[in-house]
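Notebook open, coffee poured. I want to go through this chain from the overall picture down to single residues.

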Amino acid sequence: MRVGLAQVRPMLGKLNENIAMHQEMIQRAKAENVDLLVFPELSLTGYHLLDITYDVARNVESEEIQQLVRLAEGIDIAFGFVESGADHRIFNSALYAAEGQVQHVHRKIYLPTYGMFDEARYFGQGDTIRSFSTRFGQVGMLICEDMWHPSTTYLLAQDGAQILLGLVNSPSRGVHATGLGNQESWHAIIESQSQFYGMVTCFSQRVGVEDGLIFSGGSTVADPFGEIAPAAPMFEEALHIIDVDLDQIRRARYQMPLLRDENLDLTVRELKRIIRQRTGGNA
């Protein structure tokens, strides 16, 4: 599988301009024979939307979304957008399209409300984690903060995911002599989770500046043994292409059968006990 990581610089709140940027990147990827093109979190809108969040929200059937979905012919595409739900809630969502059709939509589960973040003020919380079938195997998608919670990748792995797509908008912080602290943390996360679950993890991070927030890029892929491929250049837009050997998933899971040996009954039983303790035995 040839993976393209679309390390782009979205224009804040400029939906039409960002759609045109997506179209151009998709055509570039097709010319490079990319099989799967992964954009970052909120790639259609930019991140720090605040009071214009509602204005840029679109439902999955809207023409703006569908014109990108229709381009998913001969190439699979994952991108981030502000989703207007049927119940009028707004979500930070990721959409996977293939064969000109929507295959799956993931709504961000964990909305950070610490430090510089205030997502829960503007977005509704997703409440499902599912893998889904593609021509490459079972795929799961997570959005930024979701990946910092070990339970999300655990659930996707138990649901059969072999490939994890991480769509990310992570502002740069923790500058020191050897690099960016948050970038090192991201690479540690995808390295460990890929190795634990025998997954291919595609990490797509944006670049650019929004209201003083700087996004660093460094998009990359970790193989099922936890080896991280050379990353895209820092702070620069790029179509970063990495060829992935999917047969490594089978080999990694054979050599380290952690998924095979996982005791789900034990996990469920102990979680129920913990919930009972936290709720005073009322759950």
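Below are my entries, starting with the ground rules.

**Ground rules.** I am looking at a predicted model, where local features need pLDDT of at least 70 and side-chain atom pairs count only at pLDDT 80 or more, while totals for chains, interfaces and linings use all residues. Residues are numbered from 1 along each chain as its sequence is written, and side-chain values use heavy atoms, with hydrogens and water left out.

**Whole chain.** I looked up the secondary structure and got eight helices and 15 strands. Helices (H or I, at least four residues) and strands (E, at least two) are DSSP runs, numbered from the N terminus. The radius of gyration is 18 Å, close to the 19 Å from the globule rule for 283 residues, so the chain is as compact as a globular protein of that length. That radius is taken over C-alpha atoms, and the rule is 2.2 Å times the number of residues to the power 0.38. Along the principal axes, the C-alpha atoms fill a box of roughly 50 × 45 × 45 Å.

I then checked burial: 53% of the 283 residues count as buried. Buried means under 20% relative accessible area, exposed over 50%, and partly exposed in between (1.4 Å probe, protein chains only). Among contacts with a separation of 6 or more, 67% come from residues 24 or more positions apart; contact means heavy atoms within 4.5 Å.

**Six-stranded sheet.** This one is open, mixed in its pairing, and ordered 5-4-3-2-1-15. I note that two strands pair if DSSP finds at least two bridges between them. Strand 5 (101–107) and strand 15 (238–243) are the edges; each has a single partner strand, so one side of each is left without a neighbour in the sheet. The twist averages 25 degrees from one strand to the next. Axes here are lines fitted to C-alpha atoms, for helices over the stretch in contact, and angles run from 0 to 180 degrees between N-to-C directions.

Helix 1 (residues 15–31) packs on this sheet, touching strand 1 (2–7), strand 2 (36–38), strand 3 and strand 15, and its direction makes about 35 degrees with that of strand 15. Strand 3 (residues 76–84) and strand 4 (residues 90–98) run antiparallel, joined by eight bridges. I picked out Ile77, which has Ala97 of strand 4 opposite.

**Five-stranded sheet.** The order is 6-7-8-11-14, again open with mixed pairing. Strand 6 (132–134) and strand 14 (220–222) are the edge strands, each pairing on one side only. Neighbouring strands are turned by 30 degrees against each other on average, direction ignored. Helix 4 (residues 150–158) packs on the sheet and touches strand 7 and strand 8 (163–168), with its direction at about 165 degrees to that of strand 7.

Three antiparallel bridges pair strand 6 with strand 7 (residues 137–143), and Thr134 has Gly137 as its bridge partner. Next I looked at His149, in the loop between strand 7 and helix 4. Its relative accessible area is 25%, so it is partly exposed.

**Cysteines.** How many disulfides does the structure hold? I found zero, taking a disulfide as a pair of cysteine sulfur atoms within 2.5 Å. The sulfur of Cys202 is 16 Å from the closest cysteine sulfur, in Cys144, which is too far for a bond. Cys144 counts as buried at 8% relative accessibility, and Cys202 is buried too, at 0%.
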